[in-house]
Amino acid sequence: MKKPQTKSKHAAKTGGGLETAIAGAGRTRDIIRRHGFKFKKSLGQNFLIDGHILDQIIAAAGLDETRGALEIGPGIGALTERLAQASGKVVALEIDNRLLPILREALSPYSNVDVIHADVLKTDLHRLWEEHFAKSAGVSVVANLPYYVTTPIIMKLLEERLPVEHIVVMVQKEVAQRMAAKPGGKEYGSLSIAVQYYCEPELICIVPSGAFMPPPKVDSAVIRLTKRPEPAVAVPDEDRFFRVVQTSFAQRRKTLANNLSALSGKERKTELSDLLESCGVKPERRAETLSLEEFARIDAALAAADMRG
Ligand code: SAM
């Protein structure tokens, strides 16, 4: 695939409503009809057809010629094309081999794109980084994610501690709200804590279902997760910290003390209540009201008291 030497009509920078770009209802319908492509619901195939949403995704990703982008699930290449124009290098992982010839054709004007037939969840991303992004000044993950695997993909990106600058992703609206939620509301839970431990979240825009072909049943949102240089709180053992968080949210209606007694043992419940008080947390509070700092304090106190479940 060649990167255009001169700006071809495919390489035009503006996205919104551009007839010649891959995004757009007319061109998408044409590509799909010509290749006899049938959407697979089971793979979360809802392709973006709104160039203005692509503009917002690209602006949020902060790319330039020195930077790279990893795309998960390029589909027929609407976002991939824009990433190729905005960055120095694009790697796109696509699970559906029926899309590979379409992508080859659609992205033929670009030499800075590598499309790899792979399941992102089974891909060694550290190796991919070494092989493809060694020369990039920074790399961001930019994707319209398949909704059936959004959380496992986000958790893989975060837990593997990849050198990512930003993660700019389209997800189901409710999932974006949960990732960005602050303590005190019903959206706040273990996903909010896991994401905010590693990143600063920022909601970029809400996207109606009409921006996709075929339209999904739910609204979507673009969220930007900016990787923190260090996690938000210092915890000696991350696995244990997240186990404490998960246990705290096990039954949302129960008090913190009731949920955490699964770790301390019922016979040590009074001791557990005293321990929570010593952390400045009332035992009758519910997990959804606790900040990351409070969870970190409780985790350390539970470890010191040998209440680890
Ligand atoms: N990026 C395109 C767009 O915005 O129009 C397509 C996005 S569509 C929501 C999700 C894409 O992810 C589909 O192309 C689907 O085949 C692909 N996909 C689904 N599961 C995947 C996985 N585990 N690994 C890689 N790609 C996957």
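A residue is near a molecule if one of its heavy atoms lies within 4 Å of that molecule. The model is predicted: local features need pLDDT of at least 70, side-chain atom pairs count only at pLDDT 80 or more, and totals for chains, interfaces and linings use all residues. Residues are numbered from 1 along each chain as its sequence is written, and side-chain values use heavy atoms, with hydrogens and water left out.

**Exercise 1. The ligand shell**

Find how many residues surround the ligand, and sort them by class.

Step 1. Count the shell. It has 22 residues. The closest are L48, G73, E94, N144 and Y148.

Step 2. Set the classes. Ala, Val, Leu, Ile, Met, Phe, Trp, Tyr, Cys and Pro are nonpolar; Asp, Glu, Lys and Arg are charged; the others, Gly among them, are polar.

Step 3. Sort. The shell holds 12 nonpolar, six polar and four charged residues.

**Exercise 2. Polar atoms at the ligand**

Which polar atoms of Q45, G75 and N144 lie by ligand oxygen atoms, and at what distances?

Step 1. Fix the cut-off. A polar contact is a pair of N or O atoms within 3.5 Å.

Step 2. Take the side chains. Q45 has a polar side-chain atom 2.9 Å from a ligand oxygen. For N144, a side-chain N or O atom is 2.9 Å from an oxygen atom of the ligand.

Step 3. Take the backbone. A polar backbone atom of G75 is 3.3 Å from a ligand oxygen.

Step 4. Check the cover. On its own the ligand has 590 Å² of accessible area (Shrake-Rupley method, 1.4 Å probe). The protein covers 99% of that area.

**Exercise 3. Two positive phi values**

Locate R161 and D306, then state how exposed each residue is.

Step 1. Set the scale. Buried means under 20% relative accessible area, exposed over 50%, and partly exposed in between (1.4 Å probe, protein chains only). Helices (H or I, at least four residues) and strands (E, at least two) are DSSP runs, numbered from the N terminus.

Step 2. Take R161. Its loop runs between α6 (150-159) and β6 (164-172). Phi of R161 is near 50 degrees, a positive value in a residue other than glycine. R161 is partly exposed because its relative accessible area is 42%.

Step 3. Take D306. This residue sits in the segment after α12 (292-304). Phi of D306 is positive, about 55 degrees, although D306 is not a glycine. Its relative accessibility is 52%, so D306 counts as exposed.

**Exercise 4. A cis peptide bond**

Which residues does the cis peptide bond join, and where is P214 found?

Step 1. Name the pair. The cis bond joins M213 and P214, with omega about -15 degrees.

Step 2. Place P214. It is found in the loop between β8 (212-213) and β9 (220-227).

Conventions:
Polar contact = N/O pair within 3.5 Å; in protein donor to acceptor, adjacent residues only side chain to side chain.
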